[in-house]
Amino acid sequence: MDDATFCPPDLTAFCRLDDLGLVVVGQRVTAAGAVLVCRVVAGPEDGFCRRCGAHGLVRDCVTRRLAHEPFGWRPTTLLVRVRRYRCGGCAHVWRQDTLAAAEPRSRLSRAALRWALVALVVQHLTIARVATALGVAWDTANDAVLAEGHRVLISDPTRFDAVNVIGVDEHVWRHTRHGDKYVTVVIDLIPVRDGVGPARLLDMVAGRSKQVFATWLAARPKAWAAGIEVVAMDGFTGFKTAAAEELPAAVAVMDPFHVVRLAGDALDRSRRRIQQELHGHRGLAGDPLYRARRTLHTGVDLLTERQVARLEALFAGDEHLQVEAT
Ligand SMILES: [Zn+2]
């Protein structure tokens with residue numbers, strides 16, 4: 001490794017705060033979370049009155065609290081010291097500009113919002129887990145993600161252009177008995193197919209049903225729908241039926257996340273069935289099939305030598321042939 005490619009440790013850069021116009025000036029790190037004190041990188045116009053243009057004097061500082069993206073799953077909170085100025089000419093009072101760090105009145109930094117959207121849409125995290133990772137209340141995370149999704153979508157009216165590979169999936173949105181429990185999320189999978197980045201959010205619709213997806217597809221321009229070549233989805237048959245009706249030219253495929261999960265479930269069912277047939281009881285700590293249950297799910301290229309030896313011993317005879325085949 002070449003030492004010349006390293007530079008001194010820099011918490012501001014590590015936490016991607018330079019993008020937000022902030023500099024870390026203090027830290028308090030505990031097991032429960034990290035709190036970073038930041039100051040705002042002053043812009044050239046910060047000290048000048050926005051009414052009369054006269055020079056302002058620093059009056060005091062206020063602290064703005066922002067949830068930031070978690071590092072190593074540790075909630076990271078920013079305490080941003082924002083200067084307040086008073087105009088020497090007209091007595092107008094104003095604050096330093098923090099628009100680069102967060103939307104006005106937002107409790108999440110821009111990086112936290114981006115992190116939350118990706119966590120929800122690409123990583124399939126629930127709002128509850130997103131909220132825990134950010135160290136904020138469920139409602140705060142929910143409102144922020146909805147608003148950001150909306151903002152990202154509305155600010156880009158051309159988002160459907162040139163999209164011919166889409167994914168559709170349902171997410172558990174809320175864990176209350178009121179309102180719709182599910183939201184249907186439609187994503188653009190071209191960046192994933194081309195290996196250039198994560199999926200792009202196209203739309204979010206309340207509810208999960210064949211009707212929800214069919215209505216959404218029917219509302220798209222005819223030319224766009226006709227150009228869709230692939231629709232990736234989970235096993236929910238409603239989406240498949242809707243796609244078949246509204247996008248007859250498109251091929252419906254299972255997305256890799258769900259293929260892996262279904263294959264894993266099939267493997268477990270096969271293992272349990274053979275276990276019952278051979279031993280007449282469910283797997284116990286001493287049973288070789290039961291002991292190998294996790295190793296069986298591990299990719300061949302990730303197995304340790306010990307795991308390889310264990311699997312070879314397991315499949316040495318014919319009695320576990322069906323599990324081996326699965
Ligand atoms: Zn003034």
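This is a short group-meeting talk on the fold of one predicted protein model.

Okay, thanks everyone. Please keep in mind that what's on the screen is a predicted model. I'll start with the overall picture, go on to the sheets and the core, and finish with a few individual residues.

So, the overall picture. The protein has 12 helices and 10 strands. It's divided into domain 1, residues 3-106, domain 2, residues 157-254, and domain 3, residues 258-325. If you take the C-alpha centres of domain 1 and domain 2, they sit 39 Å apart. The C-alpha trace spans about 90 × 55 × 50 Å along its principal axes. And the radius of gyration comes out at 26 Å, where a compact globule of 326 residues would be near 20 Å. As for burial, 26% of the 326 residues count as buried. On the contact side, look at pairs with a separation of 6 or more: 52% of those contacts are between residues 24 or more positions apart.

Right, let's go to the N-terminal end and look at strand 2, residues 34-40. Strand 1, residues 22-29, and strand 2 make a hairpin with four residues between them. The two pair antiparallel, over seven bridges. If you want a landmark there, find Val-29: its bridge partner in strand 2 is Ala-34.

Now, strand 2 also pairs with strand 4, residues 74-87, and that pairing is parallel, with six bridges. Ala-34 turns up again here, standing opposite Thr-76 in strand 4. So which residues of strand 2 make up its covered face? Those are Ala-34, Leu-36, Cys-38 and Val-40. The uncovered face has Val-35, Val-37 and Arg-39, so do have a look at the two valines on that side.

Moving along to the other sheet I wanted to show. This one is an open sheet of five strands, in the order 8-7-6-9-10, with mixed pairing. Strand 8, 200-206, and strand 10, 251-254, are the edges, each pairing on one side only. From one strand to the next, the twist averages 25°. Inside the sheet, strand 6, residues 165-172, runs parallel to strand 9, residues 230-233, and four bridges join them. To get your bearings, Ile-166 stands opposite Val-231 in strand 9.

Okay, the core. The largest nonpolar core has 54 residues, and the ones with the most contacts inside it are Ala-116, Val-130, Leu-134, Ala-141 and Ile-187. Which element gives the largest share of this core? That's helix 2, residues 110-121, with eight residues. And where does the core lie? It lies between domain 1 and domain 2, because both of them give residues to it.

Let me zoom in on Ala-141. Setting aside neighbours within four places in sequence, Ala-141 is in contact with Ala-116, Ile-127, Val-130, Ala-131, Leu-134 and Val-136. You'll recognise some of those names, including Ala-116, Val-130 and Leu-134, from the list of residues with the most contacts in the core.

Last bit: a few single residues. Trp-73 has a positive phi of about 60°, although it isn't a glycine. You'll find Trp-73 in the loop between strand 3, 56-71, and strand 4. Is Trp-73 buried or exposed? Exposed, because Trp-73 has 8 C-beta neighbours inside 10 Å, and the cut-off for exposed is 12 or fewer.

Ala-162 also has a positive phi of about 60°, and again that's not a glycine. Ala-162 is in the loop between helix 4, 138-154, and strand 6. Ala-162 is exposed too, with 10 other C-beta atoms within 10 Å.

And then Ile-190, in helix 5, residues 190-193. This one counts as partly exposed, because Ile-190 has 17 C-beta neighbours inside 10 Å. Not counting residues up to four places away in sequence, Ile-190 touches Val-163 and Val-165. If you'd like a pair of points for a feel of the dimensions, try Ile-190 and His-55: they're 135 residues apart in sequence, and 51 Å apart C-alpha to C-alpha.

That's what I've got. Happy to rotate the model if anyone wants another look.

Conventions
Residues are numbered from 1 along each chain as its sequence is written. This is a predicted model: local features need pLDDT of at least 70, side-chain atom pairs count only at pLDDT 80 or more; totals for chains, interfaces and linings use all residues. A nonpolar core is a set of buried Ala, Val, Leu, Ile, Met, Phe, Trp, Tyr and Cys residues joined through C-beta atoms within 7 Å. A residue is buried if 20 or more other C-beta atoms lie within 10 Å of its own, exposed if 12 or fewer, and partly exposed in between; C-beta atoms are placed from the backbone. Domain bounds come from an automatic or database domain assignment. Two residues are in contact if their C-beta atoms, placed from the backbone, lie within 7 Å. Two strands pair if DSSP finds at least two bridges between them. Axes are lines fitted to C-alpha atoms, for helices over the stretch in contact, and angles run from 0 to 180 degrees between N-to-C directions. The radius of gyration is taken over C-alpha atoms; the globule rule is 2.2 Å times the number of residues to the power 0.38.
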